[in-house]
Amino acid sequence: MAFDQKLVAAITEIVGVNGVITNVSDMAPYLHEERGLAESSADLVARPANTAEVAAVVRACAETKTPMVPVGGSTGLTGGTLASGGVLVATDRLNKIIEVDALNSTMTVETGCILADLQTAAADQDCLFPLSLGAEGSCRIGGNLSTNAGGIGVLRYGNTRDLVLGLEVVLPSGEIWDGLNALRKDNTGYDLKQLFIGAEGTLGIITKAVLKLFPAPKTTMTVLAALPELTAILNLFEATRQLCGDRLTAFELISRIAIDLGVAHIPGVIDPFENAHPCYALVELTSPRANDELRTEIETVLEKAFEDGIVTDAVFAESDAQRQELWKIREEIPAAQTREGASIKHDISVPVSQTVAFITEASKQITQALPGIRPCPFGHIGDGNIHFNLTQPAEMTSEDFMAQAEALTRIVYDLVVEMKGSISAEHGIGAFKRKELAHYASATKIDLMRSIKQALDPDNIMNPGKIV
Ligand SMILES: Cc1cc2nc3c(=O)[nH]c(=O)nc-3n(C[C@H](O)[C@H](O)[C@H](O)COP(=O)(O)OP(=O)(O)OC[C@H]3O[C@@H](n4cnc5c(N)ncnc54)[C@H](O)[C@@H]3O)c2cc1C
């Protein structure tokens, strides 16, 4: 059916000819799906340049009951920006940093700003915006808010949800909700902003946000510790946290296979140790004090850890370049896995105390189910979030391996749920995990979510087909 030309004219009137794309090849960047798992299509991409334009576009779509999909940097990993016709509302022109208030430790921004630009703007005022993840050069803060992104600083600073004081949102009717306050205390009823954070664009389009800032780190110490066995990692984590307190900002698991795959496939990834070890912890301490004794602190932890047999070797980053090299090993794991062949990914969380038990048992069960499969667990073990990714057996075809994806995922998620964990720790549900959410979430939870969706978006036009 031909797309409503009156709606095209109305949206063009609102955002101007430069704010509208109807040509399919020009739409390509907005139809990008990061994992290449599904195709997206739209009749029109609207690129509003301010909140009033977003509201007017949404109102025009609401009047004609036309489906809309908000699009940020399209780096989401669960198909949250997939569309099948209708209007994509791209936020790339909502890119102003409105204010950095260093005294209030806040930053007010439009939600199309690229995450890395916000980090830089904060640093320019000697502050830190601590959200940090591999896609920070291209993801946008509206996408981070809408997926409640996690990343490497959750241990110290929390998820995106913990970094927000206020929001402005265009509701599916086109009405604007102004909750853009910069208050640390506000107990005036339901905390509505929390509804929109992590809603993956299903309840409205977030147009502005007030974000929390922190003192900029002046000293950073990064260490890669080699461990004799996986179980040692929680002992090392506990010892580091006890001594270093909240100076511990990142604590990441890197498994041996992850180093092997990185060295094999990614230029610039090197194994910094002479010998191979079963697994590694990438540990980072930061302090807002210049010349803080972070090195002495971590050396104290490691000396005791050597004595106790929970660490066998360690490499200290002696410069920023060396720090980047160590982080490169961690950040390039997904790319290295992709180059090795097919992989099945699980972004799960369990209580931190259960992480080792989970990895051990899940690895055992999936190896029983498919001998030769190569589990590649890595990630934010310090906050309980493991990327439990599975690389195909070396001698199997990718097609045969992927044919087993559903059965293997069932094994992994059943164990996660048994251990009171989550089947989506930081990537959201989007389009790809809907079936899994329906399978594992309680009827009460699904009913509550449907009631909220129905109340805000009765015609189901705001990012339909996602979450519930
Ligand atoms: C290399 C790489 C590393 C990554 N590392 C991490 C990581 O460590 N931790 C982590 O949590 N994620 C990670 N991700 C996933 C991804 O980067 C995050 O989910 C990110 O927050 C998505 O931002 P985006 O702007 O690309 O959003 P998009 O992909 O454009 O959108 C994501 C969802 O948000 C909705 N949305 C976007 N903007 C708005 C808005 N303004 N209002 C309402 N809804 C909106 C979309 O409709 C969609 O449902 C990684 C991805 C890659 C490619």
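**Entry 1: around the ligand**

I started with the ligand and looked up which residues come nearest. Of the 35 residues around it, Pro70, Gly72, Gly73, Thr75 and Arg140 come nearest. A reminder to myself: this is a predicted model.

Next I went through some polar pairs. Thr147 has a polar side-chain atom 3.0 Å from an oxygen atom of the ligand. Asn463 also offers a polar side-chain atom, and this one lies 3.2 Å from a ligand oxygen. With Gly151 I had to look at the backbone: one of its polar backbone atoms is 3.3 Å from a nitrogen atom of the ligand.

How much of the ligand's accessible area does the protein cover? I found 91% of the 980 Å² that the ligand has on its own.

Then I asked which elements give two or more residues to the shell around the ligand. They are strand 3 (68–71), helix 5 (141–147) and strand 10 (205–212). Helix 5 gives the most, with five residues.

**Entry 2: helix 10**

I moved on to helix 10 and checked its length. The helix has 15 residues, 294–308, and at 1.5 Å a residue it should span 21 Å. Its end C-alpha atoms are 21 Å apart, so the expected span and the model agree.

Which residues of helix 10 are buried? I noted Leu294, Glu297, Ile298, Val301, Leu302 and Ala305. These residues cover an arc of only 125 degrees around the axis, so they sit on the same side of helix 10. I turned to the face that points away from this buried side, and there I found the exposed residues Glu303 and Glu307.

I also looked up what the buried residues pack against. Their partners are strand 12 (219–227), helix 8 (232–244), strand 14 (279–287) and strand 15 (313–316).

One last detail here: just after helix 10 comes Gly309, with a positive phi of about 75 degrees.

**Entry 3: Lys193**

I finished with a single lysine. Lys193 is found in helix 7, which runs over residues 193–196.

Is Lys193 buried or exposed? Its relative accessibility is 13%, and the cut-off for buried is under 20%, so I wrote Lys193 down as buried.

Which residues is Lys193 in contact with, leaving aside its neighbours within four places in sequence? My list reads Val164, Leu165, Gly166, Leu167 and Trp177.

How values were computed. Residues are numbered from 1 along each chain as its sequence is written. This is a predicted model: local features need pLDDT of at least 70, side-chain atom pairs count only at pLDDT 80 or more; totals for chains, interfaces and linings use all residues. Side-chain values use heavy atoms; hydrogens and water are left out. Helices (H or I, at least four residues) and strands (E, at least two) are DSSP runs, numbered from the N terminus. The expected span of a helix is 1.5 Å times one less than its number of residues. Buried means under 20% relative accessible area, exposed over 50%, partly exposed in between (1.4 Å probe, protein chains only). The arc is that of the directions from the helix axis to the C-beta atoms. Contact means heavy atoms within 4.5 Å. A residue is near a molecule or strand if one of its heavy atoms lies within 4 Å of it. A polar contact is a pair of N or O atoms within 3.5 Å; within protein, one must be able to donate a hydrogen and the other to accept it, and residues adjacent in sequence count only if both atoms are side-chain atoms. Accessible areas come from the Shrake-Rupley method with a 1.4 Å probe; for residues, only the protein chains shown count as cover.
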